[in-house]
There are 2 protein chains.
Amino acid sequence: MSGSPRRESSDRRVRRTRRAVQQALTELILEKGYETVTVTDLINRANVGRSTFYAHFTDKQDVLFSNLDELSDLLHLAPASRPGVLFAFSLPMFEHLQEQRRLVRALLGRRGGGVVMARGEQIMAAVVRDELLAGLPSGSTPPASLDLMITCVVGAFMALLRKWADGELTATPAEMDAAFRAVVTPGVEEALAASPRGRGPAPG
Amino acid sequence: MSGSPRRESSDRRVRRTRRAVQQALTELILEKGYETVTVTDLINRANVGRSTFYAHFTDKQDVLFSNLDELSDLLHLAPASRPGVLFAFSLPMFEHLQEQRRLVRALLGRRGGGVVMARGEQIMAAVVRDELLAGLPSGSTPPASLDLMITCVVGAFMALLRKWADGELTATPAEMDAAFRAVVTPGVEEALAASPRGRGPAPG
DNA sequence: TTATAACCGAACACATTGTTCCGAAACAAG
DNA sequence: CTTGTTTCGGAACAATGTGTTCGGTTATAA
């Protein structure tokens, strides 16, 4: 029964154990890929009793998610750095991920099982929504298709990200960023500009 | 040892068995979701011996994929119906999937495990590539970022599709199609038009 | 020092997978 | 209808993984 206890324990043993397990997970992910890592692997590598493991985590996934919170920060802070630019998170994101390439690849690639991708999409969607709402002409109503638009943008970005991590695409962060924005930005800006008040989009 | 034996067997028992298992799978998917279906479930529902199952299929996934080939046809035929329109596959796709909504939802949604999504992406990527190449100004060189572009487009589309199947988005096929094309088309057309020969893009 | 909380690890019940074996049944061909 | 071949059934099996329980040990905080 642990779920995701936000706070750090005061007991040193607890911290030690949790750290050991988390560390073991990233090691094993790099070696075997997330999906094939078993709980048994984890407790062996971490030198932790079986019962101890289940006293701290419910799952393999629980361990994984306990390591996945810093990502959100990076994304939410990014837009402030380049005000006025749509999807400013893009470049910093690609750059950041290139540094931790191996782990990212193991987590986001096809062998990663998609759990991390799912989490990432949620986080990203929140960021994109903020940006889009901020990018609207002041005083205008969000178009009804906002959610569809967000989904498109996030979908495009994540797809790019995954293939990149998977090694199916070779490009620099700058190129990735450029391609992403080139495809997505024109359509989004048109859509944003064209819906001041409850009016539907005005095609052709 | 079966992999994917293209041809239908002449032995009635074989056809019967394979059908029973495939049928059992879609039933169980609708009831429990793909990931939680076990081989044991399958053979029970299909009334098939364990050894018999493994004589025909290697996997759960093998059964799934044996049912997943008609999709490709639909996508590849679509562009011919509306010549000159980018991403003509979009609307027919959404419409087709709406008819088989429940199964599609079980297969493509989050509970579907992503196997079908992965397959779908491959198929889609081929279709999109064809369309983009066909849409280039005649005699021009495909931009180096073609793969990135394809990834974006496919990613956006698949994301839309998944959320829709998952029930996280409520919209008509026409609305889905419109949103998809609204976001993606402008950027793509700009990019296509702007790269006849190694020249950089010429904005504004 | 002491009470408490965390740890270890073995043992357990349970589920799932994939293989093997052989008698019974269904089949296609003649 | 007979015959030789193929498939089926289903039990039994080994292997692996999961999550729980329990009693004894040890580190920690106060």
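Me: What makes the approach of Gly49(A) to DNA strand C a polar contact?
Reply: In this predicted model, a backbone N or O atom of Gly49(A) lies 2.8 Å from a phosphate oxygen of DNA strand C. A polar contact is a pair of N or O atoms within 3.5 Å, with the added conditions within protein that one atom must be able to donate a hydrogen and the other to accept it, and that residues adjacent in sequence count only if both atoms are side-chain atoms. The pair at Gly49(A) therefore qualifies, since 2.8 Å is within 3.5 Å.

The model is predicted, so local features need pLDDT of at least 70 and side-chain atom pairs count only at pLDDT 80 or more, while totals for chains, interfaces and linings use all residues. Residues are numbered from 1 along each chain as its sequence is written, chains are lettered from A and ligands numbered from 1 in the order in which they are written, and side-chain values use heavy atoms, with hydrogens and water left out.

Me: Which atoms of DNA strand C do the side chains of Ser51(A) and Tyr54(B) approach?
Reply: An N or O atom in the side chain of Ser51(A) is 2.4 Å from a base oxygen of DNA strand C, whereas for the side chain of Tyr54(B) the partner is a phosphate oxygen, at 3.2 Å. The elements giving two or more residues to the surface near the strand are H1 and H3 of chain A, together with helix H1 (12-32), helix H2 (39-46) and helix H3 (50-56) of chain B; helices are DSSP runs (H or I, at least four residues; strands are E, at least two), numbered from the N terminus.

Me: How many residues are called near DNA strand C, and what are they like?
Reply: A residue is near a strand if one of its heavy atoms lies within 4 Å of it, and 21 residues surround DNA strand C, the closest being Thr17(A), Gly49(A), Ser51(A), His56(A) and Arg13(B). Sugar and phosphate account for 57% of the strand atoms that come within 4 Å of the protein. The residues divide into 4 nonpolar, 10 polar and 7 charged, where Ala, Val, Leu, Ile, Met, Phe, Trp, Tyr, Cys and Pro count as nonpolar, Asp, Glu, Lys and Arg as charged, and the others, Gly among them, as polar.

Me: Why is Asn47(A) called exposed and Asp62(A) buried?
Reply: Buried means under 20% relative accessible area, exposed over 50%, and partly exposed in between (1.4 Å probe, protein chains only). Asn47(A), at 65%, is therefore exposed, and Asp62(A), at 10%, is buried. Asn47(A) sits in the loop between H2 and H3 of chain A and has a positive phi of about 55° although it is not a glycine. Asp62(A) belongs to helix H4 of chain A, and a polar atom of its side chain lies 3.2 Å from the backbone nitrogen of Thr58(A).

Me: How do you know on which side of H2(A) its buried residues lie?
Reply: The buried residues of helix H2 (residues 39-46) of chain A are Val39(A), Leu42(A), Ile43(A) and Ala46(A). Because they cover an arc of only 90° around the axis, they lie on the same side of H2(A); the arc is that of the directions from the helix axis to the C-beta atoms. Among what covers them are helix H1 (12-32), helix H3 (50-56) and helix H4 (60-65) of chain A.

Methods:
Contact = heavy atoms within 4.5 Å.
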